[in-house]
Structure formats: C-alpha cells, structure tokens
Amino acid sequence: MELIDTHCHLTFDGLIQDIDGVIARSKAAGVTSWLTVGTDMQENLKAIELTGKYENMYAAVGMHPHDAKDVTEDTLTRLKELARNEKVIAIGETGLDYHYNHSLHEDQRRVFAEHLKIAAELDLPVIIHCRKSFEETMQVLDNHAGRVKKIVFHCFSGSAEQAKIVLDKDYYISFTGVVTFKNARIKKQAAKIVPTDRLMLETDCPYMSPEPMRKQKINEPALMVHTAKFLAELKGMDPADFANAITATSRAFFQIS
Ligand SMILES: [Zn+2]
Ligand SMILES: [Zn+2]
C-alpha cells in the first residue's frame, strides 16, 4: 500500500524539529509521498527548501486567506516565481475563510482570484481552503477559475449536497482525519458520495489527528492510514483497493510520476 498525503504542513512547529523521524514513520506506515503546503512567504520558502531533502516530497505555494490583507502586487510576483520551481506542483492554499475572518472578505476574494490567475498561467492545480464560505467560494471560482482545470477542496467540511455541487463542477474533494470523528455525521455523508476517482486524502498535520489517535497532539502523515482505513470501511471497499484508487487519483491530479 502506498498513500500520498496531499496536504500537510511539514515545515510547521512540532513536525520540522523531528522531520527525519516524521518521514521515517510515515514511510513505515505506507504513506510514501507528501505535498507540504505553504501558507505565507516564509513557509513557502521553507516548504520548497524541504522538498530538496526528500525524493517524494513536493510543495504547494500560496498565501492563506488569513493573510490576504498583507498580499501586495510584489507578493504575487514572488509567488509566481516560486511556483516555477520544479518541486512545486500546486498553487495553494488559497480560498476564503469566513470563520476566523483574519482578513476582510474583499481582500480574501481579491487574493483568491489572483491565485487562480497564477495557476492558469502556469497550468498548475489549485488547493482551495473554504471555511464557512461555500457559496462565495463557488462564486469566485465561477468568475475566475477560467482555464484552471484542476481544483481540490481541501479539508472538506461541507454536506453531501455541497459535495455534489463541487463534483458537478468537475472539482475534487480531499478529506482530513476530521471525517473519522464521532460527531462528523455530515462529513461522513459527504464522503460516502464522493467516488474514489475524485477523492483524495490528507492529514493537514500538525493539526487534527484522526481517530483512534485523536489524543496524539501533533498529527503526522503516518496517521493518515487510519483515515484511509476508516473511509474504505465507510464505502464498503477493500482497504488496499481503496488506497490504490485514491493514490492513482492523487498522482493524476498533481501529475506525480
Ligand atoms: Zn486549510
Ligand atoms: Zn492546510
């Protein structure tokens, strides 16, 4: 079994200090490729640097919607330069977060649209962060996705109805360990209807360890096997078949050979 953690923050506190151990445990568990995601300029640079150390590690570069207020013309120019690095395989995370509201909605929408422009120009997939902003996110995508063909909603927290809307647009959906939580009834219903050729998995570590490891304070890629097992069961699939299917989906989506 070979799984790909399609969204992790390996440069964050708690993981980076023991990165060799984190990667060794991940490989031993069967999670053998990683996409470490940048959230601001400093993390983007750290992410790219880290990919140089490990063969199957890739980076995404973006400015998190939390920091949209600080994004200038210059930031976007630098982002585009970084995105040309051969280990950068996606733009993100970008999108709208109307839960924390660390940036004005107007700034978030502007920066989100700019990310879509960069992705279209460089022909890269986009990783969307969407929190309490489903309709607005779909609106920005309708208006600005343009030539961007591959879009994934990461850490999907919507309903089955919203999942259907996303799938109807030919976008992809990625689940974190949150789907394994006992109170995640809505997310489980959503996960049931997403076919494996549109479904990907991620840890979003260091946050949110899956059941039954929820008490582990710092999540890491190795724990993604629990989420994979849980979803295989939820879908009534053989765990190995499920893993193979979503790994093929992830490879095709991010063009990882
Ligand atoms: Zn996110
Ligand atoms: Zn994230």
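A donor, in what follows, is an N, O or S atom within 2.8 Å of the metal, and because water is not among the atoms, a site may look incomplete. The model is a predicted one, and with that caution the metal site is a convenient place to enter it.

The zinc ion (ligand 1) takes its protein donors from E93 through OE, from H129 through ND1 and from H154 through NE2, at distances of 2.0 to 2.1 Å. Along the sequence these donor residues follow the spacing E-x35-H-x24-H. The two histidines stand in separate elements, H129 in strand β5 (residues 126-131) and H154 in the loop between β6 (151-153) and α6 (160-168), so the pair ties together parts that are 25 residues apart in sequence. Both H129 and H154 are buried. E93 has a further role in the geometry of the site, for this residue bridges the zinc ion (ligand 1) and the zinc ion (ligand 2), and the two ions lie 3.5 Å apart.

From the metal site we can turn to the aromatic side chains, which form 7 pairs in the structure. In one of these, F134 and F153 form a tilted pair, with 6.2 Å from centre to centre and 50° between the planes. Since F134 belongs to helix α5 (residues 134-144) and F153 to strand β6, this pair ties together parts that are 19 residues apart in sequence. Both of these phenylalanines are buried, and F153 counts as buried because its relative accessibility is 1%, which is under the 20% cut-off.

F153 also pairs with Y171, this time in a stacked arrangement with 6.3 Å between the centres and 25° between the planes. Here the link runs from F153 in strand β6 to Y171 in the loop between α6 and β7 (172-175), and the two residues are 18 residues apart. Y171, with a relative accessible area of 7%, is buried as well. Taken together, ring pairs join F134, F153, F156, Y171 and F175 into a cluster.

Aromatic rings also meet charged side chains in this model. K87 lies over the face of Y58, at 5.4 Å from the ring centre, while R198 lies over the face of Y172, at 5.8 Å from the ring centre.

Strand β1 (residues 3-8) offers a polar residue to follow, namely T6. With a relative accessibility of 4%, T6 counts as buried, and its side chain reaches the backbone oxygen of L201 at 2.8 Å. If neighbours within four places in sequence are left aside, the residues in contact with T6 are L35, S174, M200, L201, E202, S250 and F254.

The last stop is helix α8 (residues 224-234), in which M224, V225, T227, A228, L231 and A232 are buried. Viewed down the axis of α8, these buried residues fall within an arc of 160°, so they line one face of the helix. The general background is that an α-helix has 3.6 residues a turn, so residues three or four places apart point the same way. On the other side of α8, K229 and E233 are exposed. Following the helix comes G236, whose phi is positive, near 65°.

How values were computed
Residues numbered from 1 in each chain as written. Chains lettered and ligands numbered in written order. Predicted model: local features only at pLDDT ≥ 70, side-chain atom pairs only at ≥ 80, totals over all residues. Heavy atoms only, no water. Donors = N, O, S within 2.8 Å, 3.2 Å for Na, K, Ca; no water. Helix = DSSP H or I, 4+ residues; strand = E, 2+ residues; numbered from the N terminus. Buried < 20%, exposed > 50% of the residue type's maximum accessible area, 1.4 Å probe, protein only. Polar contact = N/O pair within 3.5 Å; in protein donor to acceptor, adjacent residues only side chain to side chain. Contact = heavy atoms within 4.5 Å. Phe/Tyr/Trp six-rings, centres within 6.5 Å; stacked < 30°, edge-to-face > 60°. Lys NZ or Arg CZ within 6 Å of the ring centre and 35° of its normal. Arc of directions from axis to C-beta.
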